[in-house]
Amino acid sequence: MRFWRRKHEDHHEAAVLVEEAPSPEADLEFSPDETEELREQTGRAVERTRRGWFSRLGGLFERAEFDDALWDEIEEILISADTGLDTAGRVIANVKQVVRGRGLKKSDDVRAALRDELIRMLEAPVHSAPAWARQDAPSPLVIVVVGVNGAGKTTSIAKMAHAFQRDGAMTILGAADTFRAAAIDQLKIWGERVGVRVIAHQPGADPGAVAFDTLSAAEAIGADIVIIDTAGRLHTKSNLMEELKKITRTVQKKVPDGPQEVLLVLDATTGQNGLMQARTFTGAVGVTGIVMAKLDGTAKGGIAFAITNELGLPVRFIGTGEKLDDLAPFDAHAFVDALMS
Ligand code: GDP
């Protein structure tokens, strides 16, 4: 499955290929094989959530005619899967409106209306394809990654780098989480495994300087994608904000419109607590998307709905396991269908 889709001139060809202008729709299109892979991977990642909660939905739609008394049960299932009260309430209100407005009576129709509403909610914050999926992606594309320690930040960075490299995008990593020596070492180890360069300074060094050196190195080697790891401590919000702002300012000295993406890695297993963390980060920096790590390890995958509904942020990737290939682009249709299957 391709994560990076930029069309580029083939430098080995004498003639320059004339490319059609990239279309925004094409940016997010997957081939039939890719769609199948995406659905299979998403299905595995939400297996625990599906078995834990959503499988109960099936029973509610068994009768041919939908029974109005079941709305509360549907709402309860959503809440149990960690969608949060507000989000569950909103889903139910919107589906009820559709069902009543259209006079739907059959269980299958109500089920379809619920499916549509869940997909709509997940897609609401998706206004465009992420920068790396755009055929006219900038180069270098700078991605800053934020999130608390233990959320799965380093692993997610490694998975992304692995996927981008595989797709032909030369990727370089910056170890700007200089607060913990272990974070620098971890990133270096992953860098070696993936086969990407990692720019690092000593523990305690200025994270802005690391970002600057990473971009200089990216320039020198002609890297397509730069991923910058940042400190995950949250002891005071103003510290965090200052540090991240400094990294952003430094990036902009080299890449004026960067960072084009700021990804917040959330641990899906922490459910509603993760949402509170997310609010702190989105308040401090302009987060553009969410990586939901460890989705495979939780029965509370409903948190995805709370993220999109309450934070207004698109989920871009899901972590589906601990290995390098265990990262999938988030696809609302695949996600909802897997939950409701
Ligand atoms: P960081 O402190 O945020 O950088 O967290 P790490 O990347 O070191 O990850 C913390 C732990 O979570 C490690 O044991 C990872 O193997 C594990 N982990 C990360 N992502 C996933 C995932 O998508 N699925 C599962 N099952 N484990 C994950």
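In the predicted model, an oxygen atom of the ligand is found 2.4 Å from an N or O atom in the side chain of T155. The side chain of E322 also takes part in the surroundings of the ligand, with an N or O atom placed 2.6 Å from a ligand oxygen atom, and K159 contributes a polar side-chain atom that lies 3.2 Å from an oxygen atom of the ligand. When the ligand is considered alone, it exposes 580 Å², and 78% of that area is buried by the protein.

The shell around the ligand consists of 15 residues, of which G150, K153, T154, T155 and E322 come nearest. With regard to chemical character, the residues of this shell divide into eight polar, five charged and two nonpolar. Helix α7, which spans residues 153-166, gives the most to the shell, with four residues. As for the pockets of the protein, the space that the ligand takes up is the second largest pocket.

Away from the description of the ligand, the backbone was examined for cis peptide bonds. One such bond joins S139 and P140, where omega is about 0°; P140 itself has its place in the loop between helix α6 (107-123) and strand β1 (141-146). Another cis peptide bond joins G258 and P259, with omega at about -10°, and P259 lies in the loop that runs between α10 (237-254) and β5 (261-267).

The backbone was also examined for positive phi angles in residues other than glycine. D82, although it is not a glycine, has a positive phi of about 75°, and this residue lies in the loop between α4 (71-80) and α5 (85-101). The relative accessible area of D82 is 13%, and the residue is therefore classed as buried, given that the term applies to values under 20%. K294, likewise a residue other than glycine, has a positive phi near 60°, and its place is in the loop between β6 (289-293) and α12 (303-311). For K294 the relative accessible area is 31%, so that this residue counts as partly exposed, a class that lies between the limits of 20% and 50%.

Definitions and conventions:
Residues numbered from 1 in each chain as written. Predicted model: local features only at pLDDT ≥ 70, side-chain atom pairs only at ≥ 80, totals over all residues. Heavy atoms only, no water. Near = heavy atom within 4 Å. Polar contact = N/O pair within 3.5 Å; in protein donor to acceptor, adjacent residues only side chain to side chain. Areas by Shrake-Rupley, 256 points an atom, 1.4 Å probe, with all protein chains shown as cover. 1 Å grid on protein atoms, 1.4 Å probe; cavity = no way out; pocket = protein on both sides within 12 Å on 5 of 7 lines; lining within 4 Å. Sits in = over half its atoms within 2 Å of the grid points. Helix = DSSP H or I, 4+ residues; strand = E, 2+ residues; numbered from the N terminus. Nonpolar A, V, L, I, M, F, W, Y, C, P; charged D, E, K, R; others polar. Buried < 20%, exposed > 50% of the residue type's maximum accessible area, 1.4 Å probe, protein only.
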